[in-house]
Amino acid sequence: MSAREPPRPVLGRPTHALLAQPRTQRRSHGVHHARPRPLPGHELVVVANRLPVDSRTLPDGATEWVTSPGGLVTAMESVMRTVDSGAWVGWAGAPGEAPDPFEADGMSLYPVRLEQEDVERYYEGYSNATLWPLYHDVIVDPVFHRTWWDSYLSANQRFAEAAAPVAARGGTIWVHDYQLRLVPRLIREKRPDVRIGFFNHIPFPSVELFSQPPKRNSILRGSLGADLLGFQRESDTLNFVAAVRKPLGYHVEGTTISVPGLGAAPRREVEARTFPISIDSAAVSALTEDPEIRERAARLRHDLGDPDKIVLGVDRLDYTKGIRHRLKAWGELLDDGSIDPHDTVMIQVATPSRERVEAYRRLRDEVELTVGRINGEHAPLGRPAVSYQHHSFDRREMTAMYMAADVVLVTAPRDGMNLVAKEYVASRPDLHGVLVLSEFAGAADEPRAAVLVNPHDIDELKSAILRALAMPEEEQEEAMRSLRHQVMENDVQSWAHDFLEHLEHAGREAQAAVRVVRSRGDEPSAPEEIDEARAPSPTFRAC
Ligand code: ADP
Ligand code: F6P
């Protein structure tokens, strides 16, 4: 028998002042153009590589706005929905001409222009072919090019130039992710009055790996322009602190780093801290009450030939997600007859991602070849063994998939958090379903009631899948109740509250230090250059 979770009272959770004014009206990608606001500007400014919406040019030349891919946007879009008059600075997703600033869903969006060459060198190059593989423990080899660095630096300068003027005096600028590691420092040089936070959505590697990339010290100095640096897991925070201690030689106490001052302060204290990100759990859970979505979930099973079990994977088509591992295990289970394709169907959503980067092209070829082989050998006539979906879905369709799935597979060999795991849990108030979760995803630190797995061990992965498929209802309910307790209590709003509260405290202390220095008439120390090309460091080896 399947039990439903009892209704949970809405908890009186503390809310940071910046998040305290929920907006009553919300439009779906209602976009209209607006002039940039005159000062005093925005109290909270988010800076990320991408805006929450991507522009697409339709065949008739018209522009369409769609939700941008990735967990950063899923999380921060929900946070910004609760902010009155927030701003978001980012790229609109197409090279060349950037749109004028505009309003969407009650937020002011400030597009940053990236030329085709920036897209190739800053975004596809240094961000996604150098830093991304390096930060994910070199699952593929990182590539270093000096021209990519130049572009990374100049693109970061452009983001900083776009963000600095839109923040209110004494306001808060929250910079996100590895594409913009230099931005905190570049903003601080222009706006010493604002609080600056930085959150790293992906893992931070061990000091040995982080020592590899040319310009590593610039990346550290750039990040340390923030008052507070947030990481997903404790190991990420500790890795960052170790990376700072060694090459820069800064004094570190616990996870507080003493940084040479910029502007009026001789030294600044910068805190590194762990803040595991989450989702808008209540909003995801509420969608499951929608009759149309329930009906869609039922129809989905019917369209797949009414199998007993549906197994689901939802990922950007990225080598960090373990799609190859999963398909290998699935193929072997079909080959050895442990799974009957008449009873059990797999859906693999593989969202297009970074399609011009070589490693992603190769991955797509391999995945599609494997899916083709599995379907060719095992699919019953008229229906798939693996239903492969290489496109985006809207949130409602995604929820219907989670509601239909008896098992969700998250098999990432390395992942900062993995919000898909949390979305699945939030979509199951009926307490049905099993989450198979890689121990290398940040999500595995928290809801430990999942079936944890080492995706590198294909035999272990196969056993985990079979165990999940055979799990009795009562065991599913017990595990899902425990997972939901974690996910529903620790949502993205409390994550943002926690981060902003720590940032406010850190920023206040930094401003107090500036005032003391000014009152004593001390000379500020000369700041170190952010780029080692301008200030050669003994540890830097040019490539
Ligand atoms: P990452 O940030 O690396 O992409 P996450 O799992 O943390 O990984 O977040 C992925 C987000 O993208 C989730 O909110 C998920 O629902 C969403 N998503 C993934 N694939 C699709 C898709 N095909 N269509 C719409 N949303 C998607
Ligand atoms: O943290 C995950 C993340 O890298 C975000 O920074 C990024 O926006 C998202 O995945 C999607 O990647 P991309 O912007 O390269 O399409």
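Start by selecting strand S8, residues 167–176: this strand is mostly covered, with 8 of its 10 residues buried. Keep in mind as you go that this is a predicted model.

**Stop 1: the neighbours of S8**

With S8 still highlighted, add strand S2, residues 42–50. S2 and S8 run parallel and are joined by 5 bridges. To see how the two strands line up, show Leu44 and look across to S8, where Thr172 stands opposite.

Now add strand S9, residues 195–199. S8 and S9 also run parallel, and 5 bridges join them. Pick Trp174 next and find its bridge partner in S9, which is Gly197.

**Stop 2: on to S5**

Keep S2 on screen and select strand S5, residues 87–91. Is S5 enclosed or open? All 5 of its 5 residues are buried, so S5 is largely enclosed by the rest of the structure. Turn on the side chains and check their directions: Ala87, Val89 and Trp91 point one way from S5, while Trp88 and Gly90 point the other way. Residues on both sides are buried.

S5 pairs with S2 in the parallel sense, over 4 bridges. Click on Arg50 and follow the pairing into S5, where the bridge partner is Trp91. Hold on to Arg50, as you will meet this residue again shortly.

Next, bring in strand S7, residues 107–112. S5 and S7 pair in the parallel sense over 5 bridges. A good place to look is Ala87, whose bridge partner in S7 is Ser108.

**Stop 3: ligand 2**

Now select ligand 2 and display the residues around it. There are 14 of them, and the nearest are Arg50, Tyr123, Asp177, His201 and Arg354. Here is Arg50 again: an N or O atom in its side chain is 2.7 Å from an oxygen atom of ligand 2. Move to Tyr123, where an N or O atom of the side chain is 2.6 Å from a ligand 2 oxygen. Then try Arg354, which has a polar side-chain atom 2.7 Å from an oxygen atom of ligand 2.

How much of ligand 2 does the protein bury? Ligand 2 exposes 380 Å² when taken alone, and the protein buries 94% of that.

Colour the shell by residue class and you will find 6 nonpolar, 4 polar and 4 charged residues around ligand 2. Which element gives the largest share of that shell? Select helix H2, residues 116–135, which contributes 3 residues.

**Stop 4: ligand 1**

Switch to ligand 1, which is surrounded by 18 residues. The closest to pick out are Gly71, Thr74, Arg316, Thr351 and Glu423.

Go through the polar contacts one at a time. Thr74 has a polar side-chain atom 2.8 Å from an oxygen atom of ligand 1. For Glu423, a polar side-chain atom lies 2.5 Å from a ligand 1 oxygen. Show the backbone too when you reach Val420, where a polar backbone atom is 3.4 Å from an oxygen atom of ligand 1.

On its own, ligand 1 has 570 Å² of accessible area, and the protein covers 89% of it. Now colour the elements that give two or more residues to this shell: helix H1 (71–80), strand S14 (309–316), strand S15 (344–351), helix H12 (395–404) and helix H13 (419–426). By class, the shell around ligand 1 holds 7 nonpolar, 7 polar and 4 charged residues.

**Stop 5: the open sheet**

Strands S14 and S15 lead you to the next view. Select 6 strands in the order S16-S15-S14-S17-S18-S19, and you have an open sheet with parallel pairing. Where does the sheet end? Its edge strands are S16 (386–389) and S19 (451–453), each of which pairs on one side only. Tilt the view to follow the twist, which averages 20° from one strand to the next.

Zoom in on strand S17 (residues 407–410) and strand S18 (residues 434–438), which pair in the parallel sense over 4 bridges. Select Val407 and look for Val434 opposite in S18.

**Last stop: Leu229**

Finish at Leu229, found in strand S10, residues 228–231. Is Leu229 buried or exposed? Its relative accessible area is 0%, so Leu229 is buried. Add Phe275 and draw a line between the two C-alpha atoms: they are separated by 9.5 Å, while the residues lie 46 apart along the chain.

Notes:
Residues are numbered from 1 along each chain as its sequence is written. Chains are lettered from A and ligands numbered from 1 in the order in which they are written. This is a predicted model: local features need pLDDT of at least 70, side-chain atom pairs count only at pLDDT 80 or more; totals for chains, interfaces and linings use all residues. Side-chain values use heavy atoms; hydrogens and water are left out. Two strands pair if DSSP finds at least two bridges between them. Axes are lines fitted to C-alpha atoms, for helices over the stretch in contact, and angles run from 0 to 180 degrees between N-to-C directions. A residue is near a molecule or strand if one of its heavy atoms lies within 4 Å of it. A polar contact is a pair of N or O atoms within 3.5 Å; within protein, one must be able to donate a hydrogen and the other to accept it, and residues adjacent in sequence count only if both atoms are side-chain atoms. Accessible areas come from the Shrake-Rupley method with a 1.4 Å probe; for residues, only the protein chains shown count as cover. Ala, Val, Leu, Ile, Met, Phe, Trp, Tyr, Cys and Pro count as nonpolar, Asp, Glu, Lys and Arg as charged, and the others, Gly among them, as polar. Buried means under 20% relative accessible area, exposed over 50%, partly exposed in between (1.4 Å probe, protein chains only).
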